[in-house]
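Here are a few exercises to work through with the coordinates open. Try each task before you read its solution.

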2 protein chains.
Amino acid sequence: MPTPLLQGTLDLLVLKTLSWGPRHGYAIARWLEETTGDALQIEEGSLYPALYRMERKGWIEADWGKSDLGKRIRIYSLTYEGRAQLRAELAQWKRFSAAVASVVAPA
Amino acid sequence: MPTPLLQGTLDLLVLKTLSWGPRHGYAIARWLEETTGDALQIEEGSLYPALYRMERKGWIEADWGKSDLGKRIRIYSLTYEGRAQLRAELAQWKRFSAAVASVVAPA
DNA sequence: CCCCATACCTTGATCTTCTAGGTACATACC
DNA sequence: GGTATGTACCTAGAAGATCAAGGTATGGGG
């Protein structure tokens, strides 16, 4: 059974991934799945629209390039605004997950 | 600035709230906001549809009653299926939040 | 030659949440 | 009597994101 991503979390995950350096879409998905031990499945139908969204908002920017295998790839990197956005979403996630934790596992 | 709820989390929060005993809708919202120190705002336009949804699915059931103030209230309680659902959503939340944590705060 | 993995893209459906209203009543206050 | 506030429930429509399910193209291995 696939676990659907929680709405709004994908942006945070992608921004954080790109904070380690530029990557192309497919690689972002693979890296996230690997890092989370396949706990998260990044659907391409969610990823690519998310990338366009974030590019439109100025959080990331893209360039065409070539992969090691000689395939054309679209390399995304974090902008200055993207780093600010990452900080904001990180703070928001901490706040939110702490709130949920306080409900599901009360002290 | 209101923090929008992450999709799918409201069900978990409501189920967990009801695991402490029956409550009516308005009280569920107040209790959640209080417990989380107002970090989460439970909009009525989200809450009531969620309650109907969960009732339709058989996770909760409702009875009409009267509040201390003499107002008609709809008291919700967890069903057997609701407890199973709570366990499932709890496990899923732990899995998911751990996955996000592994991305945003790598070891 | 065929298959698989890489790599990108798009459309439409689905589902939730939120916005922004609304009703009703009880209490408190002037 | 009139008004404001808090309780308590309800609803329609908009907005937004994710997902399912397709599609294209190419390079390497067998």
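Buried means under 20% relative accessible area, exposed means over 50%, and partly exposed covers what lies in between. Keep in mind throughout that this is a predicted model.

**Exercise 1. Which parts of chain A does the salt bridge between A:Glu55 and A:Arg74 tie together?**

Solution, step by step:

- Start with the distance. The closest N and O atoms of A:Glu55 and A:Arg74 are 3.7 Å apart, and the cut-off for a salt bridge is 4 Å, so the pair makes the list.
- Now place the partners. A:Glu55 sits in helix H3 (residues 44-56) and A:Arg74 in strand S3 (residues 72-78), so the bridge ties together parts that are 19 residues apart in sequence.
- Finish with accessibility. A:Glu55 has 28% relative accessibility, so it counts as partly exposed. A:Arg74, at 24%, is partly exposed too.

**Exercise 2. Find the salt bridge between B:Arg53 and B:Asp11, then say whether each partner is buried or partly exposed.**

Solution, step by step:

- The side chains of B:Arg53 and B:Asp11 meet at 3.1 Å, N to O.
- B:Arg53 belongs to helix H3 (residues 44-56) of chain B and B:Asp11 to helix H1 (residues 9-18) of chain B, so this pair connects parts that lie 42 residues apart in sequence.
- B:Arg53 comes out at 32% relative accessibility, which makes it partly exposed.
- B:Asp11 has 9%, so it counts as buried.

**Exercise 3. Chain B also has a salt bridge between B:Glu55 and B:Arg74. Where do its two partners lie?**

Solution, step by step:

- The closest N and O atoms of B:Glu55 and B:Arg74 are 3.6 Å apart.
- B:Glu55 lies in helix H3 of chain B and B:Arg74 in strand S3 (residues 72-78) of chain B, so to speak two distant parts of the chain, 19 residues apart.
- B:Glu55 has a relative accessible area of 28% and is partly exposed; B:Arg74, with 25%, is partly exposed as well.
- For context, searching the whole structure turns up six salt bridges over all chains.

**Exercise 4. Describe the protein surface around DNA strand C.**

Solution, step by step:

- Count the neighbours: 26 residues surround DNA strand C, and the closest are A:Tyr26, A:Glu44, A:Tyr52, B:Gln7 and B:Lys71.
- Ask what they touch. Of the strand C atoms that come within 4 Å of the protein, 72% are sugar or phosphate.
- Pick out polar pairs. The side chain of A:Glu44 has an N or O atom 2.7 Å from a base nitrogen. Phosphate oxygens of strand C lie 3.1 Å from a polar side-chain atom of A:Tyr48 and 3.0 Å from one of A:Ser67.
- Trace the elements. Helix H2 (25-35), H3 and S3 of chain A, together with H3 of chain B, give two or more residues each. H3(A) has the largest share, with four residues.
- Sort by class: ten nonpolar, eight polar and eight charged.

**Exercise 5. Now do it for DNA strand D. Which element gives the most to the surface near it?**

Solution, step by step:

- Among the 26 residues around DNA strand D, A:Leu5, A:Gln7, A:Lys71, B:Tyr26 and B:Tyr52 come nearest.
- Sugar or phosphate makes up 72% of the strand D atoms within 4 Å of the protein, and bases make up the rest.
- Base nitrogens of strand D lie 2.8 Å from a side-chain N or O atom of B:Glu44 and 3.5 Å from one of B:Lys71. At the backbone, a phosphate oxygen is 3.0 Å from a side-chain N or O atom of B:Ser67.
- H3 of chain A and helix H2 (25-35), H3 and S3 of chain B each supply at least two residues. H3(B) gives the most, with four.
- The classes come out as eleven nonpolar, eight polar and seven charged.

**Exercise 6. Which residues touch the most other members of the largest nonpolar core?**

Solution, step by step:

- The core has 60 residues, and A:Val14, A:Ile60, B:Val14, B:Ile60 and B:Trp93 touch the most other members.
- Zoom in on B:Val14. Leaving out residues up to four places away in sequence, B:Val14 touches B:Ile28, B:Leu47, B:Leu51 and B:Met54.
- As background, nonpolar side chains tend to be buried together in soluble globular proteins.

Definitions and conventions. Residues numbered from 1 in each chain as written. Chains lettered and ligands numbered in written order. Predicted model: local features only at pLDDT ≥ 70, side-chain atom pairs only at ≥ 80, totals over all residues. Heavy atoms only, no water. Buried < 20%, exposed > 50% of the residue type's maximum accessible area, 1.4 Å probe, protein only. Near = heavy atom within 4 Å. Polar contact = N/O pair within 3.5 Å; in protein donor to acceptor, adjacent residues only side chain to side chain. Nonpolar A, V, L, I, M, F, W, Y, C, P; charged D, E, K, R; others polar. Core = buried A, V, L, I, M, F, W, Y, C linked by side-chain atoms within 4.5 Å. Contact = heavy atoms within 4.5 Å.
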